[in-house]
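Colleague: I would like to go through the labels used for this model and ask what stands behind each one. Please set each value against its definition.

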Amino acid sequence: DDDIDPSNTSDVIWALGTRCDPEDDIDILRGCWSNRLEPALPPEKKDSGDFTMSSAIIDACRPYHWIAKFPKVIQTSPEFMGQVKKKWQGSLE
């Protein structure tokens, strides 16, 4: 979605938690090719020359078929955030 920066981990985690229905939005691909350097590949598979593993595809976008009814994102204005940070600067550090 255009309001999520895919290079921002916090944005991505937020989208996963608020826009993903695990039953419908996660697919597992089995038997995907990997390589010997893959840290999640078990040693016995590496030793046998089997460099296959699974991958997950996660759709964390707003559901297109009812996007107009999807709840609006609530955001705090930059001005208010500035006021809060100024008021609580000693406690927020």
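Modeller: A salt bridge here is a side-chain nitrogen of Lys or Arg within 4 Å of a carboxyl oxygen of Asp or Glu. The structure holds six salt bridges by that rule. The model is predicted, with local features needing pLDDT of at least 70 and side-chain atom pairs counting only at pLDDT 80 or more, while totals for chains, interfaces and linings use all residues. Residues are numbered from 1 along each chain as its sequence is written, and side-chain values use heavy atoms, with hydrogens and water left out.

Colleague: What makes Asp 1 and Arg 19 a salt bridge?

Modeller: Their closest N and O atoms are 2.7 Å apart, and the cut-off is within 4 Å, so the pair qualifies. Asp 1 lies in the segment before helix H1 (9-19) and Arg 19 in helix H1, so the pair ties together parts that are 18 residues apart in sequence. Helices (H or I, at least four residues) and strands (E, at least two) are DSSP runs, numbered from the N terminus.

Colleague: Why is Arg 19 called buried?

Modeller: Buried means under 20% relative accessible area, exposed means over 50%, and partly exposed is in between, with a 1.4 Å probe and protein chains only. Arg 19 has a relative accessible area of 4%, so Arg 19 is buried. Its partner Asp 1 has 31% relative accessibility and therefore counts as partly exposed.

Colleague: How do you know that Arg 62 forms a salt bridge with Asp 2?

Modeller: The closest N and O atoms of Arg 62 and Asp 2 are 3.3 Å apart. Arg 62 lies in the loop between strand S2 (52-58) and helix H4 (78-87), and Asp 2 in the segment before H1, so this pair ties together parts that are 60 residues apart in sequence. Arg 62 has a relative accessible area of 24% and is therefore partly exposed, whereas Asp 2, with 76%, is exposed.

Colleague: What makes Asp 3 and Arg 62 count as a pair?

Modeller: The closest N and O atoms of Asp 3 and Arg 62 are 3.8 Å apart. The pair links distant parts of the chain, with Asp 3 in the segment before H1 and Arg 62 in the loop between S2 and H4, 59 residues apart. Asp 3, at 31% relative accessibility, counts as partly exposed. Asp 1, Asp 2, Asp 3, Arg 19 and Arg 62 are linked in a network of salt bridges.

Colleague: Why is Ala 60 called buried or exposed, and what does Ala 60 touch?

Modeller: Ala 60 has 16% relative accessibility, so Ala 60 counts as buried. This residue is found in the loop between S2 and H4. Contact means heavy atoms within 4.5 Å. Not counting residues up to four places away in sequence, Ala 60 touches Asp 1, Ala 15, Leu 16, Arg 19 and Cys 20. From Ala 60 to Arg 19 the C-alpha distance is 5.0 Å, although they are 41 residues apart in sequence.

Colleague: Is Leu 16 buried, partly exposed or exposed, and where is Leu 16 placed?

Modeller: Leu 16 is in helix H1, and its 32% relative accessibility makes it partly exposed. Beyond residues up to four places away in sequence, Leu 16 touches Ile 58 and Ala 60. The C-alpha atoms of Leu 16 and Cys 61 are 8.4 Å apart, with their places 45 residues apart in sequence.

Colleague: Why does Ser 34 count as buried?

Modeller: Ser 34 has 9% relative accessibility and so counts as buried. The residue is placed in the loop between strand S1 (26-33) and helix H3 (43-48). Leaving aside neighbours within four places in sequence, Ser 34 is in contact with Phe 51 and Met 53.

Colleague: What is the radius of gyration of the protein chain, set against a compact globule?Modeller: The protein chain has 20 Å, whereas a compact globule of 93 residues would have a radius of gyration near 12 Å. The radius is taken over C-alpha atoms, and the globule rule is 2.2 Å times the number of residues to the power 0.38. Along its principal axes, the C-alpha trace spans about 60 × 40 × 20 Å. Of the 93 residues, 13% count as buried.

Colleague: Which elements does the protein chain have, and in what pattern?

Modeller: The protein chain has four helices and two strands, and along the sequence they follow the pattern α-α-β-α-β-α.
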